[in-house]
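Open the model in your viewer and keep the selection panel at hand. This tour goes from one residue to its ring partners, then out to the whole chain.

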Amino acid sequence: MPIGLGRKSFIQFGLETVWGTAVAATNRLEVISMSIDPDQGLILDPSLNDSVGRRGLFQGGIVYRGNFLVRLNYQGMLKLFKAMFGVTWTPTLVEAATSWDHIVHDALAQLTVKSLTIEMIEGDVDTGKCQRLLGAILTSMTVRVTAGQGTDAMLQAEFEVLAKDKETNQTPTVSLSAPAVLPALFHHATVTVDDGVTTTGLFVRSLEVKYEAPHAADRFYLGSKNPAEPLRDDFVKATYTFSQDFQTRLALDALKAFTNASPQIIFRGNALGANFYEFEMKSDKGQVSRVSHPVSGYGRIFMETTIEAYHDGTNGTFYTRFRNGESAI
């Protein structure tokens with residue numbers, strides 16, 4: 001019996017037309033890690049019968065939860081973002097037959113269906129097969145990067161998943177290829193690094209941006225162990241956390257005065273025709289909710305700043321933009 005090996009793993013996915021109805025995958029991505037597992041509910045029989053043990057244990061509702069972590073690539077991410085935001089958009093031509101801008105934010109017209117079929121090739125067990133998630137909804141995305149050396153110096157995106165079912169022993173879609181390896185790296189942040197208060201001269205050592213789209217997972221009903229389609233049950237939320245050298249009190253002043261903060265970060269990669277690959281994150285409206293710069297030793301003092309974004313009528317709560325060579329979503 002073969003042993004599962006992580007190096008043989010990857011994911012493939014396609015946008016569903018009807019929630020929970022499988023579709024063939026259209027995209028393939030390498031994964032750094034993934035774990036989406038059953039959350040099996042138990043029905044504990046409370047009946048008494050002169051015994052110290054329970055009379056029975058029964059199957060309750062089941063839903064699938066977990067996450068997967070991928071390299072944030074300048075290309076190959078668009079369908080994930082379409083599912084994450086639940087919106088559609090029209091690519092903007094930047095250079096004929098070469099580059100397009102894909103602007104994605106939650107103020108765009110929402111799609112009625114935003115779920116994925118995800119094929120999880122987990123160590124090639126069973127050989128040539130996959131486990132297939134149906135009705136997979138992305139409920140949050142966290143983008144992280146730390147300046148310096150090692151894996152964390154590459155932007156990574158972690159997606160949290162809520163799914164209806166996970167089918168085993170499925171045949172994955174064939175003949176799909178992963179996109180070219182085009183990672184966004186920490187030193188690509190050469191265009192704009194704005195912590196929402198200060199626009200220039202910053203020494204940001206790490207950044208974490210989390211976008212959340214909460215969904216109710218407990219839509220169980222009589223006659224089915226699997227839940228009905230999860231529905232949004234709270235406002236979307238975008239949170240920025242900057243860690244940087246302590247240079248100015250402006251962030252603290254902004255918190256005290258409750259003045260608007262508008263963070264923006266643009267990463268610019270390799271040349272793309274007359275332009276460059278780019279990835280941008282920003283929020284036009286936000287407030288500084290936390291500032292901390294403890295003195296803890298002889299050397300540098302680090303400041304950590306948290307910004308909570310809220311809705312802007314033009315660009316929503318959280319705006320992202322890819323500039324790449326993909327002419328369609």
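Is Phe-279 buried or exposed? Select Phe-279 and look. Phe-279 is buried, and its relative accessible area is 0%. The model is predicted, so keep in mind that side-chain atom pairs count only at pLDDT 80 or more.

**Stop 1: across the chain**

Add Phe-81 to the selection. Phe-81 also has a relative accessible area of 0%, so Phe-81 is buried, given that buried means under 20%. Now check the two rings against each other. The ring centres of Phe-81 and Phe-279 are 6.3 Å apart and the planes meet at 85 degrees, so this pair is edge-to-face. Colour by secondary structure next. Phe-81 belongs to helix α1, whereas Phe-279 belongs to strand β15 (residues 275-282). The two are 198 residues apart, and the pair links distant parts of the chain.

**Stop 2: along the helix**

Stay on Phe-81 and select helix α1, residues 78-85. Which residue of this helix lies about one helical turn from Phe-81? Pick Phe-85: the two are 4 residues apart in the helix, so about one turn separates them. Phe-85 is buried, as is Phe-81.

How are the rings of Phe-81 and Phe-85 arranged? Their centres lie 6.0 Å apart with planes at 20 degrees, and planes under 30 degrees count as stacked, so the pair is stacked.

**Stop 3: the ring cluster**

Widen the selection to Phe-68, Phe-81, Phe-85, Phe-159, Tyr-211, Tyr-240, Phe-242, Phe-279, Phe-318 and Phe-322. Ring pairs join these residues into a cluster. The count of aromatic pairs comes to 12.

**Stop 4: charges over rings**

Select Arg-205 together with Phe-302. Arg-205 lies over the face of the Phe-302 ring, 3.6 Å from the ring centre. Then go to Lys-282 and Tyr-319. Here Lys-282 lies over the face of Tyr-319, at 4.6 Å from the ring centre.

**Last stop: the whole chain**

Clear the selection and zoom out. Cartoon view should show 2 helices and 18 strands. Along the principal axes, the C-alpha atoms fill a box of roughly 70 × 55 × 40 Å. The radius of gyration is 22 Å; a compact globule of 329 residues would have one near 20 Å, so the two agree.

Switch to a surface. The accessible surface comes to about 16100 Å², and carbon and sulfur atoms account for 52% of that. Of the 329 residues, 46% count as buried. Finally, consider the contacts with a separation of 6 or more: 71% of them are between residues 24 or more positions apart.

Note on methods
Residues are numbered from 1 along each chain as its sequence is written. Side-chain values use heavy atoms; hydrogens and water are left out. Rings of Phe, Tyr and Trp (its six-membered ring) pair if their centres lie within 6.5 Å; planes under 30 degrees apart count as stacked, over 60 as edge-to-face and the rest as tilted. Buried means under 20% relative accessible area, exposed over 50%, partly exposed in between (1.4 Å probe, protein chains only). A charge sits over a ring if NZ of Lys or CZ of Arg is within 6 Å of the ring centre and within 35 degrees of the ring normal. The radius of gyration is taken over C-alpha atoms; the globule rule is 2.2 Å times the number of residues to the power 0.38. Contact means heavy atoms within 4.5 Å. Accessible areas come from the Shrake-Rupley method with a 1.4 Å probe; for residues, only the protein chains shown count as cover.
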